[in-house]
Amino acid sequence: MASNGYRNGTGTNKGAIKPPASSNIRSSSFKSRLPPSSNHSPGSALRRTSSASFTTAAGVPGRVRVAVRLRPRNAEESTADADFADCVELQPELKRLKLRKNNWESETYEFDEVLTEFASQKRVYEVVAKPVVESVLDGYNGTVMAYGQTGTGKTFTLGRLGEEDTSARGIMVRSMEEILVNVSRETDSISVSYLQLYMETIQDLLDPANDNISIVEDPRTGDVSLPGATHVEIKDEQSFLELLRLGEAHRIAANTKLNTESSRSHAILMVHVKRSVLGEEVAIPTESDKSSHFVKPPKPLVRKSKLVLVDLAGSERVQKSGSEGHMLEEAKSINLSLSALGKCINALAENSAHVPIRDSKLTRLLRDSFGGTARTSLIVTIGPSPRHRGETASTILFGQRVENMLRIKEEFDYKSLARRLEIQLDKLIAENERQQKAFDDEVERINLEAQNRVSEVERNFTDALEKERLKCQMEYMESVKKLEEKMIENQQKHQHDGFMKDKCNGEGPGFCEDIAVIKKLLEKETHMRKEAEKEVNKLKSQLGQHMDAGAGGDAEILKLQIALEDEVHQKKKLEEEIIILRSQMLQLTFEADQMRRCLARGGSGNAYPGLDSPMSQVRDSLSGHKTPVSALFDQVGVEKILDLLESEDANVRIHAVKVVANLAAEEANQERIVEAGGLTSLLMLLRSYEDETVRRVAAGAIANLAMNEANQELIMVQGGISLLSTTASDAEDPQTLRMVAGAIANLCGNDKLQATLRSEGGIKALLGMVRCRHPDVLSQVARGIANFAKCESRASTNGNGLHIALVLLQVYEAGDHFLSMKVHFHGLCKMLTMMLHLLGDTLSSHCVIWHSMKQMQRT
Ligand code: ADP
Ligand code: MG
């Protein structure tokens, strides 16, 4: 058979780059010169038909498969070589190894398998040893050898026991495991010998005393045996591990004795496999029945095979002859066996007529397990360190002698590399662009979706809110209207009946109904507020979800935040509305209450009772139980109501001020109102006049507060008198004037304030209001002046007539002013009569009154 590999005896192909398709060409160049191994003659028929991949039908032997394994950097190398690249570069997918010469030049070698520093023990086993073990189980001999510099991982690859970590187990343990799994305990047997070959002497590692074992070769079959070596039967993995441990211990001991190191000897593990197999069945046809036949039972056969695992001595010893004496001898012997091994393999590969098997004990020992029908794997171990480049190179070259590897010379083609990189870069850029686009699209989609959802929610919410608001307003207006109607009706009825009946009996239920309606409204509002809160929470959780929706959601989050703020605002508004409604209810309740009281008294239904009948409130508060107004006031809280005085909504302000005024009518509430800053707020409303109702009601409230002596001083301190005076001159509305006059009149009753009232124009303002001829105003003016005069008279001890006269003169001077304005005669008379009553029937008062009358007559 013509060899067609690169090693074709000529080497002419060396240096040419091998086309990938021809990678298998180089794997069929060996032809054994050894006699065919015939110790298994009973099984030879089977062997011939075997489909083991490395034999052919004609019995052409397989070749030595060579794998290279790179050890990872160890701790020392990681530090010392940190700034340097490894001396080799592996291209496992191409099964190539580049040995670097320098930074830009390297030599390339091809192997059957290139195992990087990341290759697992399992993979190494499967690639390097498993095919050999399988062929041993099929009845062939096989060898696995590890070759390499000391410290590159030969023992790691072959001999590790992996006791703590089973994934670290080496080829020896894994091979035995595979054999044990595949043989039958009953019919098959496995035995092991463990030897060391040192300085051309074979020692038994299982029996250290046995240190010169001879090799026996069967000249007929070519089988190699070691009759002197210990054979240990292996039943299970555990006993095998024990044996390996024992062998290793003996090896260390033996080497210590010989004053050498393990790395200078070869360790050889021989596994003998004996399997019983059945011969072929023979069918013999009988005479009587052509279809039936007699089957001769198959012939039991025993198939023997051998697996040899060799942890070779460190390759660094090869060709080193600088040593002397024992060292020199040792080096020579190592050199001898390794170079003999190399030469034999070489001779086999080149179909050489002479294979120098006898040159060393190692080659003699391997004779029947190497070449021929035997399957052989060599694993070349190398280290990464650039410092050991020389050793690594020679290791690789040994491998190259064994294997018909191709050393490929490659010029570094920077241009094509640049081109390749550019193409790759372009592809990556395009891919990146595509991904970016997809990402942007997705972000946009999410944004849009979120926007739509938010605006839809907003729309729905606003609609619902508006609807509800309108409904509430309508209902409120409706009930106010009803109340007004009822009020008018009651008034009329009241007048008709001439105060004959107690109307409250008739009116009570009507009011109660209204109150019930308003209460319902209030409940509804509360419900709505809760709904709104729920909606806010929902939006919050939606916001959370949107935030999760990923990158690019910033804008969306911002929008959601705005929406959320909106919701919060809405909620606040709703709450405000609820307070308004409550205060409206308060107001209505109060009015109803008032109405009932008036009807009971037969009064006119005046809304601000504090001015006309201060006693009535005293009576109410003394009556012990809280009015409904006060109860509601407790519910809502004074601060909230006062807050509403500054609301943006004018309606809200009006309602709020009414409520405050009503509250101020009850003495029990006054202190709380003032404490919460109500007085200041009311004065502010008076100052920032905008609406007559607001001003009127505010003045009313101030008037009510002014009944309390402490408050009177506060009003003065806060500039209340000048505000009231301004209002007194501004206002046209008689009810406003009545309230202002009432307030000033109350202040007039305080002895301490007399001087200020006078100097700040309070009295003048009071009298000025007489221009409005409304009797209600006049009576308040009269009350004020009377109060004032009373204080003055108290101030002047011993009833100092002169002083009283002076005051009255002042009153008169002011009176003179309004008399000229043609005041309502009746009003003035009322005023003067009241003064007379209050001041007592003194000469001076008579005098003044007389004077006044005269003045009036004049005009
Ligand atoms: P050799 O038998 O070739 O002298 P060893 O097998 O004793 O080398 O390995 C030397 C050191 O390197 C040991 O500590 C071993 O654990 C470590 N080693 C070798 N090969 C590897 C590998 N592939 N992965 C990790 N450590 C390794
Ligand atoms: Mg070792």
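The following exchange explains some terms applied to this predicted model.

Me: What should be known about how the values were obtained?
Reply: In this predicted model, local features need pLDDT of at least 70 and side-chain atom pairs count only at pLDDT 80 or more, while totals for chains, interfaces and linings use all residues. Side-chain values use heavy atoms, with hydrogens and water left out, residues are numbered from 1 along each chain as its sequence is written, and chains are lettered from A and ligands numbered from 1 in the order in which they are written.

Me: Why does the pair formed by the side chain of Thr155 and ligand 1 count as a polar contact?
Reply: A polar contact is a pair of N or O atoms within 3.5 Å. An N or O atom in the side chain of Thr155 is 2.7 Å from an oxygen atom of ligand 1, so the pair meets this definition.

Me: What makes the backbone of Lys154 a partner of ligand 1 as well?
Reply: A backbone N or O atom of Lys154 lies 2.9 Å from an oxygen atom of the ligand, and this pair therefore qualifies too.

Me: Why is Lys95 called partly exposed?
Reply: Buried means under 20% relative accessible area and exposed over 50%, with partly exposed in between (1.4 Å probe, protein chains only). Lys95 has 31% relative accessibility, so it counts as partly exposed.

Me: How do you know that Met199 belongs to the partly exposed class?
Reply: Its relative accessibility is 27%, and therefore Met199 counts as partly exposed.

Me: What makes the phi of Met199 notable?
Reply: Met199 is not a glycine, yet its phi is positive, about 50°. Most residues other than glycine have a negative phi.

Technical notes
A polar contact is a pair of N or O atoms within 3.5 Å; within protein, one must be able to donate a hydrogen and the other to accept it, and residues adjacent in sequence count only if both atoms are side-chain atoms.
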